[in-house]
Amino acid sequence: MTRWMGQGMSQASRGLLGFAAAMVVLLAAGAAFAGLGQPSPWEYKLQESASPVMDNIIWFHELLFWIITVITVFVLGLLIVVAVKFNAKANPVPSKTTHNTLIEVIWTVAPVVILMAIAIPSFKLLFQQLDVPKADITIKATGKQWYWTYTYPDNGKFEFDSLLVADKPPRLLGVDNEMVVPVNKIIRVQTTAADVIHAFAVPSFGIKIDAVPGRLNETWFKATKEGMFYGQCSELCGKDHAYMPIAVRVVSEQAFAAWVEEAKKKFASVPGNSSYASAGAAAR
Ligand SMILES: [Cu+2]
């Protein structure tokens with residue numbers, strides 16, 4: 001009997017050890033699962049950051065994760081203590097205590113301190129997102145059913161449409177004409193829509209803002225890494241909502257200047273361009 005129990009125990013502890021090891025590996029590999037600029041298989045974290053705002057979003061997310069974890073473990077501990085020490089069998093004669101000033105002060109003050117610790121960085125992050133710094137470049141993104149139009153008013157006022165290309169990787173994110181921006185510059189993104197509400201979102205930059213017909217919203221990002229960054233329309237906008245990706249190519253300043261020259265020529269001749277809102281859709 002004891003031998004059998006001993007075996008059972010060692011099997012259980014080995015199983016537990018295996019589970020713990022798997023968790024450690026999973027957590028250590030977490031960085032590998034978090035894609036930069038696009039989702040990746042087995043990803044369970046936020047996408048890797050490529051902007052100061054996203055750095056802070058990830059930091060805040062992790063702060064909250066640890067606060068939640070500590071509170072949950074603490075409450076679970078209290079529940080276990082109550083269930084084990086104060087059940088009817090272990091504690092047949094319950095105490096009649098009704099007040100304890102010290103405990104009451106602690107359970108009032110501690111949550112206030114925790115909420116303050118959450119509120120201060122939360123508001124700081126909110127202001128950082130909403131307070132657009134002096135922009136180097138402004139780009140207008142117009143949501144349409146079901147693609148995006150990008151306008152560059154600072155760089156020759158050209159405008160072009162960006163549509164999903166079915167067989168271009170990454171799947172459902174590849175587009176014909178990407179939005180191109182220079183690295184380490186402050187980009188102001190103004191959003192609006194020509195038909196219904198869309199939303200402009202790029203996870204690695206930490207931006208998500210509604211594009212509303214008849215209104216101009218704005219947000220900003222500073223891409224700190226070169227490369228491709230993908231997002232999707234994030235407001236349910238009709239049957240092809242899932243097929244209007246956002247693709248942003250971040251390049252060096254020289255490459256951006258060269259692209260602007262090329263884009264000015266390429267998109268100048270497209271009929272329907274240099275007009276706003278639904279005129280582009282009508283021309284197609
Ligand atoms: Cu949309």
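This passage describes the strands, helices, core and unusual backbone positions of one protein model.

The structure is a predicted model, in which local features need pLDDT of at least 70 and side-chain atom pairs count only at pLDDT 80 or more, while totals for chains, interfaces and linings use all residues. Residues are numbered from 1 along each chain as its sequence is written. The protein holds 6 helices and 10 strands, where helices (H or I, at least four residues) and strands (E, at least two) are DSSP runs numbered from the N terminus. Of its 284 residues, 23% count as buried; a residue is buried if 20 or more other C-beta atoms lie within 10 Å of its own, exposed if 12 or fewer, and partly exposed in between, with C-beta atoms placed from the backbone. Among contacts with a separation of 6 or more, 62% come from residues 24 or more positions apart, a contact being a pair of residues whose C-beta atoms, placed from the backbone, lie within 7 Å.

In general, the strands of a sheet pair through backbone hydrogen bonds, either parallel or antiparallel. In the present analysis, two strands pair if DSSP finds at least two bridges between them. One open sheet contains 5 strands in the order S3-S2-S1-S5-S8, with mixed pairing. Its edge strands are S3 (158–162) and S8 (217–222), each of which pairs on one side only, and the twist from one strand to the next averages 25°; for such angles, axes are lines fitted to C-alpha atoms, for helices over the stretch in contact, and values run from 0 to 180 degrees between N-to-C directions. Within this sheet, strand S1 (residues 137–144) pairs with strand S5 (residues 186–193) in the parallel sense over 7 bridges, and Ile 137 has Ile 187 of S5 as its bridge partner.

A second open sheet has 3 strands in the order S4-S10-S9, again with mixed pairing. Because S4 and S9 stand at the edges with a single partner strand each, one side of each is left without a neighbour in the sheet. Helix H5 (residues 253–268) packs on this sheet, touching S4 and S10, and its direction makes about 140° with that of S4. Strand S10 (residues 245–251) is mostly covered, with 5 of its 7 residues buried. Strand S4 (residues 179–182) runs parallel to S10 and is joined to it by 4 bridges, whereas strand S9 (residues 227–232) runs antiparallel to S10, with 6 bridges. Val 250 in S10 is the bridge partner of Val 181 and also stands opposite Gly 227.

Phe 205 and Val 248 touch the most other members of the largest nonpolar core, which has 37 residues; such a core is a set of buried Ala, Val, Leu, Ile, Met, Phe, Trp, Tyr and Cys residues joined through C-beta atoms within 7 Å. Residues up to four places away in sequence aside, Phe 205 touches Ala 50, Ser 51, Met 54, Phe 221, Ala 223 and Phe 229. By contrast, 0 of the 30 residues of helix H4 are buried, so this helix lies largely in the open.

Some loop positions have notable backbone geometry. A cis peptide bond with omega of about 0° joins Gln 145 and Trp 146, and Trp 146 lies in the loop between S1 and S2. Leu 172, in the loop between S3 and S4, has a positive phi near 65° and is partly exposed.

Methods
Contact = placed C-beta atoms within 7 Å.
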